[in-house]
Amino acid sequence: MKTIVGIATPVGFGGVGIVRLSGVNALGIVFQMFNRPLKPRYATLGTISGKNFTDTALVIYFPAPHSFTGEDVVEIQAHGGWHLVNRIMQTAIQCGATPAEPGEFTRLAVMNNKMTLTQAESTLDLINAESDAELQNASRLMSGELQTLLSGLENNLVEARAQIDAYLDYPEDLDSPTIPMKQINQAKNIIDDLLSTAKHGQIIKNGINVCIIGCPNAGKSSLFNALVGDNRSIVTDIAGTTTDVIAEKITYQGIKINLIDTAGIHDDVTSAIEEQGIARAKNMLQNADILLVVVDATTRVMVDFPHDKQHLIIYNKSDLCPNTPPDGIAVSAKTGQNINLILAKIVEMATRTAPVGNLVNLTNERQANLLREAQTLLAAINSNEPLDKISANITLALSYIGKITGTDVDERTLDEIFSKFCLGK
Ligand SMILES: Nc1nc2c(ncn2[C@@H]2O[C@H](COP(=O)(O)OP(=O)(O)O)[C@@H](O)[C@H]2O)c(=O)[nH]1
Ligand SMILES: [Mg+2]
C-alpha cells in the first residue's frame, strides 16, 4: 500500500502552500519531517524541515476513515513559496511517499465511497467556475442531485428487468408476460429531461458566444469596447481597421459571455488581409449563439446575416441620429446609451435556453453522451419485442448509466476522468 503526496495549492506564490499526503504511512512520513506529535483532527504548529530548509507549518492529521480520501491523510500548511512547497514534497518522497497522479486524491475518495463519481466530476466544475451561474450549478451537482436522480433511474430499470427476467426464468409460473413499460418510460423521461438541460449546461459552463458583426465603420469595435468596459479593440474612422477576430470574456448577471469583435463585412475588398478577416468574421458568425448586428444609425446599411439565429439589431451612433427603426435598439458606443440593455438582453436570451422546471443542468459532455446512448436504447424498446431482447437492451442502457454513477466503470474510464484533474487534487 503506497502513500501519495501532492501539492494541493496552485502553482505560484501565495500566503499559504499546502502539501497533502494520503496512505498508511502518511503519519510516519510526516513524523520524519515535523518536530511535534500530531493529535487527530487538531492543527499543530511546529517546524517542518528538510535538507537546507526549515519553515513554520501548521499540520493536521485526519485518521482513516474520516478523511477526504478515506485513508490516513496529513495536510502540511506551510508558507506558499513555490520552491518551498516543492522541497517539502520532495522531502516527503525521500521519506517514502510516491508523487500523486492527477486527481488521485479524489479518485481514492471515490474508491473509498467518500464521494460519488458524479460528485467527483463536478468538483472540476466547482474549481473552474468563473460565474455565479456556474458556481450555483456546480454546488448542486456536488451536493449529489444528479447522483440521486440517476440512482433512482437505475433502480427503476433494475426492477423492470427483474420482472422480465422472472418470466424468462419461469415462464410456466406466470400467466402472460407483462412488460413494465411504465418504469421504462419513467426512466426514459428522466433522461429526456436531463438531456434537455445539456444545452443550457454548456452555456453556463462555457459561456454564451456573442459575435458582433456589421459593415465597416458601423462602430463594432467601439461597441465591443463599451461592452467589455475596456479599450481592447482598435477604433479608427478608417474602414477595415479590425482584421482579426478579437475575443473577451465578461460576466453579466452571473452569466459568462464570450464577446467576439470581427472585421466589417462588405464586398469591394481590396487587401488580402481584409479578405481573410472577413472570412474569419463569417466563420465566427456561423458558430455564434447570438449575433449583435451593428448598423450605423446615420446610414442604416445592414449586413446580410442568418435571420434564424438569435440576434439583436443595434442602431449605433444614436448620439448622432436619435430616431431609429423599431426593429432594433438605439445605442451609442460613444455615450454608453443602452449598453447595459444589450447585456441584459443577451442574458435574457442565454437563459431562455434553460428548460422549465428546476432540474440541475448537465454540464459534462461525457455524461451527456452516455445518457444519449441510454436514451436511444430505451426509446427503441417496444412491448412487441421478444422479452430477452428487451432485457438485454435494459442491461446495456444500465451499463451506460453506470459509467456516470460509478456502478459500472472500468479502470480506463476512471483514468480518462481523473486525467482531467490537476496534480494534487
Ligand atoms: N458619434 C459616434 N461615433 C461612433 C460611435 N461608435 C463608433 N463611432 C465612430 O465610428 C468610427 C468607426 O468605429 P469603429 O468602432 O472602429 O467601427 P468598426 O469598423 O465597425 O469596428 C470611429 O471613428 C468611431 O469613433 C458612436 O456611438 N457615436
Ligand atoms: Mg472594428
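1. Let me start with helix α14 (residues 411-418), whose buried residues are Thr 413, Leu 414, Ile 417 and Phe 418. These four lie on the same side of α14, because the arc they cover around the axis is only 120°. That fits the general rule that an α-helix has 3.6 residues a turn, so residues three or four places apart point the same way. On the face turned away from the buried side, α14 carries the exposed residues Glu 411 and Arg 412. As for partners, the buried residues of α14 pack against α3, α4 (117-128) and α12 (365-380). Please keep in mind, here and below, that this is a predicted model.

2. Phe 418 deserves a second look. A search of the whole structure finds one aromatic pair. That pair is formed by Phe 418 and Phe 421, with 5.1 Å centre to centre and 40° between the planes, a tilted arrangement. Phe 418 counts as buried because its relative accessibility is 1%, below the 20% cut-off. Phe 421, at 5% relative accessibility, counts as buried too.

3. Now to the sheet. Six strands form an open sheet with mixed pairing, in the order β3-β4-β5-β2-β1-β6. Its edge strands are β3 (43-50) and β6, each of which pairs on one side only. As general background, strands of a sheet pair through backbone hydrogen bonds, either parallel or antiparallel.

4. Strand β1 (residues 4-7) is a nice place to see both senses of pairing. With strand β2 (residues 14-22) β1 runs antiparallel, joined by four bridges, and Val 5 stands opposite Leu 21 of β2. With strand β6 (residues 98-99) β1 runs parallel, joined by two bridges; here Ile 4 has Thr 98 as its bridge partner. The hairpin of β1 and β2 has six residues between the strands, and in it Gly 12 takes a positive phi near 135°.

5. Which way do the residues of β1 point? Ile 4 and Gly 6 point one way, Val 5 and Ile 7 the other, and all are buried. In general, the side chains of a regular strand alternate between the two faces of the sheet.

6. Moving along the sheet, β2 and β5 pair in the antiparallel sense over eight bridges. Leu 21, already met opposite Val 5, has Val 74 as its bridge partner in β5. Strand β5 (residues 73-80) is also joined to strand β4 (residues 53-62), by five bridges and again antiparallel. Between β4 and β5, Leu 58 stands opposite Gln 77, and Val 59 has Ile 76 as its bridge partner. Six of the eight residues of β5 are buried, so β5 is largely enclosed by the rest of the structure.

7. At the β3 edge, have a look at Thr 44, which is found in that strand. Is Thr 44 buried or exposed? Thr 44 is buried, since its relative accessible area is 7%, and the cut-off is 20%. Leaving aside neighbours within four places in sequence, the contacts of Thr 44 include Ala 57, Leu 58 and Val 59, along with Phe 34, Arg 36, Pro 37, Leu 38 and Lys 39.

8. Two helices lie across strands of this sheet. Helix α2 (residues 82-94) lies across β1, β2, β3, β4, β5 and β6, running at about 180° to β1. Helix α3 (residues 104-111) lies across β1, β2 and β6, at about 130° to β1. α3 is also one of the helices against which the buried residues of α14 pack, which brings us back to the opening point.

9. Lastly, the metal site. Which residues coordinate the magnesium ion (ligand 2)? Ser 221 does so through OG and Thr 242 through OG1, at 2.0 to 2.1 Å. The pair links distant parts of the chain, 21 residues apart: Ser 221 is in helix α9 (residues 220-228) and Thr 242 in the loop between α9 and β8 (246-252). Both Ser 221 and Thr 242 are buried.

10. Helix α9 is itself mostly covered, with seven of its nine residues buried. Among them are Lys 220, Ser 221, Phe 224 and Asn 225. The cover over the buried residues of α9 includes β7 (208-214), β8, β9 (255-261), β10 (290-296), β11 (310-316) and α11 (339-352). After α9 comes Gly 229, with a positive phi near 75°.

Notes: Residues numbered from 1 in each chain as written. Chains lettered and ligands numbered in written order. Predicted model: local features only at pLDDT ≥ 70, side-chain atom pairs only at ≥ 80, totals over all residues. Heavy atoms only, no water. Buried < 20%, exposed > 50% of the residue type's maximum accessible area, 1.4 Å probe, protein only. Pairing = 2+ DSSP bridges. Contact = heavy atoms within 4.5 Å. Axes fitted to C-alpha atoms, helices over the stretch in contact; angles between N-to-C directions. Donors = N, O, S within 2.8 Å, 3.2 Å for Na, K, Ca; no water. Arc of directions from axis to C-beta. Phe/Tyr/Trp six-rings, centres within 6.5 Å; stacked < 30°, edge-to-face > 60°.
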